[in-house]
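I sat down with this one to look up its pockets, a few buried side chains and some odd backbone angles. My notes are below, in the order I went.

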Amino acid sequence: MNRTIRHSDRLEGTVSTAGDKSISHRAALLNSIADGTAHVSNFCVGDDRTSMLGCLQGLGVKITECSDCDMCSDEDCFEVAGVGLNGLQEPSDVLYAGNSGTTTRLVAGLLAGQSFLSVLTGDDSLRSRPMGRIVDPLREMGAGFMGRNGDTLLPLSVRGGDLNAIEYDLKVASAQVKSAILIAGLYANGRTVVRSPGQSRDHTERMMRYMGADVDIDGLSVSVQTSNLTATNVRVPGDISSAAFWMVAGAAHPNASIRLNNVGINPSRTGVIEVLQSMGASLRMENVVEDKSEPAADIIVESSDLRGVEIAGDIIPQLIDELPVLALAAARAKGETVIRDAEELRVKESDRITATVKGLAGLGADIEEISDGMVIRGGRKLRGTDVRSFGDHRIAMTMGIAGTISDGETSIDEADAADVSYPTFWRTLESVSGPSS
């Protein structure tokens, strides 16, 4: 479905983003193998939620939507009846992960610890994404894999069980790969150690420890011992990756003021805030709450005089999903912005380096592609045109925000790709900018 976005004279409003996808997925998965029943409220929305819950239900976990518990309020809430560490059942059908790389990699770590056969697959896009980085360490632990392209592409069959602990050095800082190994480590004989070359999201180890697992965190090294988990209620904060679109909208639009309520500010995820502040964004936090598991705050962003910066090195894993929309901020900034060390963008739902460059260049930005990132020379006026989403939710939403800043009208193809992670995005965009077609 195409969508046309018109230039907006003013962006203003209060936004409550859906629950953080990374935290929602981990809360559902870990509570599924915990002892007891837990409620997960403000659960993420979109197709990725369907993928994760469908895979867990396919493994025999009872997960039901709840509407009358103390945690429900106006948020999506699910009751997860944990089956314990060894209570999952062999699935009677293929487990379908849709477009969700997070679901695939986390569930693969879970399946590695099960003494039965499973088959995991996804949509066309997911079946083209490399899985060798999880297959290699999980196979080293003792799990068996068979799949296309030398066992690196979905569909993957997994024969798990009888795992041995390993010490594993990640080649790149990846929270999904780290999490897959740690989840498998709950089932392994001995202590599993994962060492990372840089900081990445730490939701898995935080939540495991919160639920009673024997987890040790020492700098960039995380280890876990075979552990039983205790079911624990989780109120999921708003997704900072979704909030990033509104942060950039507020900072990059010349007449804007946007407030974001209850956004997760886990230190391993706040790279987007750090970069925007280094660019000169008028951004502040209020009502900071340090939860037992995950911190959150309200974020207020207003029109700003942005300047170009370099985005590279250790901060990249903290904001890999936010780089396309940060490129839009860079297109509106004074001076040059260089994004490096982001080759991971090429193996997302689309090649996000190429997709971002083509989209913003089409709107008039001075932007060029390099092997591991982009160079953006800011300050050019953007003008609406026809742009592609490449079927990628983050590209579609980036182009949507760009449309409110650009003169005239911007038409985005496959705009409904946003439904994967943020089904209410277009409605929210209308609420802060006025209706579009």
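These entries go from the open pocket to the closed cavity, then to single residues and one helix.

**Entry 1: the pocket.** First, a reminder to myself that I am working from a predicted model. I looked up the largest pocket and got a volume of about 700 Å³. Its lining takes in 38 residues. Nearest the pocket centre I found Ala173, Ser174, Pro317, Ile320 and Glu344. I then sorted the lining by class: 19 residues are charged, twelve are polar and seven are nonpolar. Which helices give at least two residues each to this lining? I noted helix 1 (21-32), helix 3 (101-112), helix 6 (175-185) and helix 12 (393-405).

**Entry 2: the cavity.** I searched for cavities of 30 Å³ or more and the structure holds one. Its volume comes to about 40 Å³. I wrote down the lining of the largest cavity: Ala18, Gly19, Lys21, Cys44, Val45, Asp239, Ser242 and Ser421. By class that makes three nonpolar, three polar and two charged residues.

**Entry 3: arginine 269.** Asp239 from the cavity lining turned up again here, as one of the residues that arginine 269 touches. I placed arginine 269 in the loop between strand 15 (256-264) and helix 9 (271-278). Is arginine 269 buried or exposed? It is buried, because its relative accessible area is 1%, and the cut-off for buried is under 20%. What does its side chain pair with? I found a polar contact of 3.0 Å to the side chain of aspartate 20, and another of 3.1 Å to the side chain of serine 241. Beyond four places in sequence, arginine 269 also touches others, including Ser22, Arg201, His203, Ile240 and Gln318.

**Entry 4: serine 350.** Next I went to the loop between strand 19 (336-339) and helix 11 (352-362), where serine 350 lies. Serine 350 has a relative accessible area of 9%, so I logged it as buried. Its side chain makes a polar contact of 2.9 Å with the side chain of aspartate 392. Setting aside neighbours within four places in sequence, I listed Leu345, Ala355, Phe390, Asp392 and Ile395 as the contacts of serine 350.

**Entry 5: helix 12.** Aspartate 392 led me on to the start of helix 12, where one of its side-chain oxygens comes within 3.0 Å of the backbone nitrogen of arginine 394. I checked the helix span: 13 residues reach 19 Å from first C-alpha to last, close to the 18 Å expected. How many residues of helix 12 are buried? I counted 13 of 13, so the helix is mostly covered. I also recall from the pocket entry that helix 12 supplies at least two lining residues there.

**Entry 6: backbone oddities.** Phenylalanine 390, a contact of serine 350, has a positive phi, near 60°. I found phenylalanine 390 in the loop between strand 22 (386-387) and helix 12. It is partly exposed, because its relative accessibility is 23%. Asparagine 42 also has a positive phi, near 55°, and belongs to the loop between strand 3 (37-41) and helix 2 (47-58). At 11% relative accessibility, I put asparagine 42 down as buried. Last, I looked for a cis peptide bond and found leucine 154 joined to proline 155 that way, with omega about 0°. Proline 155 is in strand 9 (residues 153-159).

Notes
Residues numbered from 1 in each chain as written. Predicted model: local features only at pLDDT ≥ 70, side-chain atom pairs only at ≥ 80, totals over all residues. Heavy atoms only, no water. 1 Å grid on protein atoms, 1.4 Å probe; cavity = no way out; pocket = protein on both sides within 12 Å on 5 of 7 lines; lining within 4 Å. Points joined across faces, edges and corners; volume = space filled by probe spheres on them. Helix = DSSP H or I, 4+ residues; strand = E, 2+ residues; numbered from the N terminus. Nonpolar A, V, L, I, M, F, W, Y, C, P; charged D, E, K, R; others polar. Buried < 20%, exposed > 50% of the residue type's maximum accessible area, 1.4 Å probe, protein only. Polar contact = N/O pair within 3.5 Å; in protein donor to acceptor, adjacent residues only side chain to side chain. Contact = heavy atoms within 4.5 Å. Expected span 1.5 Å × (residues − 1).
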